[in-house]
Amino acid sequence: MKAVEANFDGLVGPTHNYSGLSVGNIASKNNKSGASNPKQAVKQGLEKMKALHDMGFVQGVLAPQERPDIHTLRRLGFSGSDAEVLQKSHQYSPQLLAACSSASSMWTANAGTVSPSADTSDGKVHFTPANLINKFHRSIEDEVTGNILKATFADEKHFAHHEALPHSDYFGDEGAANHTRFCNEYGEQGVEFFVFGKSAFDESYLAPKKYPARQTLEASEAIARTHGLREQFTVFAQQNPDVIDQGVFHNDVIAVGNKNTLFCHQQAFLNQEQVKLDLSASYGSGFNVIEVPTDKVSVQDAVETYLFNSQLITKPDGTTLIILPQHCRENPRVWAYLNELVEQKRGIDELHTFDLKQSMQNGGGPACLRLRVVLNEAEQKAVNQHTLMNEQLFTTLNLWADKHYRDRIEDKDLADPQLLLESRAALDELTQIMQLGSVYPFQR
């Protein structure tokens with residue numbers, strides 16, 4: 001059956017704010033304590049989703065997390081009414097409250113890892129939510145992420161859902177931000193490419209010195225086993241620890257792939273020549289590597305513009321385009337290289353830029369905002385149809401955002417009990433719009 005690669009983007013949550021929580025993410029730290037605009041952020045994301053739908057792609061929507069996370073704050077010993085829990089946690093540590101109020105689930109590239117049915121031993125699409133244990137504010141996401149994925153991909157005939165890996169640094173897993181799939185056609189056997197930052201058990205592997213390596217080899221191997229992947233079509237590679245220390249906190253900040261093409265920086269991987277050979281051997285003839293030289297685009301340019309945190313996608317007519325943040329157009333070196341690349345006809349045919357400033361200022365570009373899910377025709381029909389973008393859903397979600405979202409949030413606002421009530425009202429209505437059922441703790 002013909003298959004497509006659908007993009008499921010995360011909706012930005014009502015508490016979108018800049019608290020600078022992500023060590024190793026330079027944009028996140030540089031914009032700490034700035035005022036955010038949640039309404040603008042969610043609308044920027046919706047515009048990108050609608051644009052891809054209009055281009056002919058299957059585009060889905062994933063719901064955000066409940067924030068502030070009162071459930072976690074109560075687990076940490078704060079008691080009383082919800083308003084008292086907010087007040088006490090803010091008095092104890094504004095940073096702790098900020099962590100429990102983060103809208104970071106908007107970056108659904110970290111939601112989990114997905115393996116298409118063409119690659120798995122049981123012929124089902126497999127989902128494993130990421131445990132995200134390297135950052136506390138993200139480590140509290142995986143249970144609700146699993147609920148949302150199960151509500152979106154509910155049919156057990158077609159979809160298999162796994163628990164997140166154990167919450168331990170030994171199995172640190174950051175999801176699809178460190179996973180890429182290559183194939184000839186989406187519905188055919190593909191090559192699944194896992195990138196890790198360190199090994200937890202084998203000290204012979206190098207590791208970064210300044211910033212943390214968030215993905216372990218052991219986590220990647222565990223997911224490959226759980227998903228029933230075939231060894232000859234699974235490749236593991238180590239990210240260059242030197243570029244992690246320059247702010248490349250995930251592989252998707254330095255490399256992106258689609259179909260037969262790997263688009264990566266010259267310094268993306270350790271033993272890069274061997275990585276390319278391994279991928280070519282697993283893929284077969286026709287594997288295409290576009291390697292961006294350092295003298296054209298520096299690692300710093302890549303980090304500042306999120307050049308590689310872009311969506312490399314193939315249109316129904318076979319044209320390959322790259323969805324880029326506006327920052328790429330504004331950097332003369334990056335923009336000159338991209339136009340040169342198109343002229344050379346090396347595998348990227350068109351450039352499309354989007355204004356995603358609200359996300360970019362917190363350290364996430366177009367690729368961070370989406371989870372790729374390959375679906376054949378039967379699987380597409382089995383998806384919760386109320387989560388798929390169309391004219392009606394786009395209009396409904398914009399009206400929903402106008403009704404529930406603030407246009408300004410500062411750090412002090414996170415302790416406002418009214419923000420919690422607004423957020424819950426928004427999410428309760430959203431679960432009805434998208435027919436998700438009760439996926440949040442407050443709904444139970």
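**View 1. Helix α8 and the glycine that follows.** In this predicted model, G228 comes after helix α8 and has a positive phi, near 70°. The helix itself spans residues 217–226 and is mostly covered. Seven of its 10 residues are buried. They are L217, E218, A219, S220, A222, I223 and A224. What lies over them? The cover of these buried residues includes four strands: β3 (112–115), β4 (125–129), β7 (191–196) and β8. An α-helix makes a turn every 3.6 residues, so residues three or four places apart point the same way. Keep that in mind when tracing the buried list along the helix.

**View 2. Q239, a buried residue in a loop.** Strand β8 (234–238) and helix α9 (241–244) are joined by a loop, and Q239 sits in that loop. Is Q239 buried or exposed? Its relative accessibility is 2%, and buried means under 20%, so Q239 counts as buried. A polar atom of the Q239 side chain lies 2.9 Å from the backbone oxygen of V248. V248 is also on the list of residues that Q239 touches. Leaving aside residues up to four places away in sequence, the other contacts of Q239 are N178, V195, F196, I244, H250, N251, I254, A268, F269 and L270.

**View 3. A cis peptide bond at P68.** Look at the link from R67 to P68. This peptide bond is cis, and its omega is near -5°. Where is P68 found? P68 belongs to the loop between strand β2 (59–62) and helix α3 (70–75).

**View 4. L132, a positive phi in a buried loop residue.** L132 is not a glycine, yet its phi is positive, at about 50°. The residue lies in the loop that runs between β4 and α6 (136–139). L132 counts as buried because its relative accessibility is 2%.

**View 5. K345, a positive phi in an exposed loop residue.** Here is another residue that is not a glycine: K345 has a positive phi of about 55°. Which elements flank K345? Its loop lies between helix α13 (332–344) and strand β14 (350–354). Exposed means over 50% relative accessible area, and K345 has 71%, so K345 is exposed. Set this view beside View 4: L132 is buried, whereas K345 is exposed.

How values were computed: Residues are numbered from 1 along each chain as its sequence is written. This is a predicted model: local features need pLDDT of at least 70, side-chain atom pairs count only at pLDDT 80 or more; totals for chains, interfaces and linings use all residues. Side-chain values use heavy atoms; hydrogens and water are left out. Helices (H or I, at least four residues) and strands (E, at least two) are DSSP runs, numbered from the N terminus. Buried means under 20% relative accessible area, exposed over 50%, partly exposed in between (1.4 Å probe, protein chains only). A polar contact is a pair of N or O atoms within 3.5 Å; within protein, one must be able to donate a hydrogen and the other to accept it, and residues adjacent in sequence count only if both atoms are side-chain atoms. Contact means heavy atoms within 4.5 Å.
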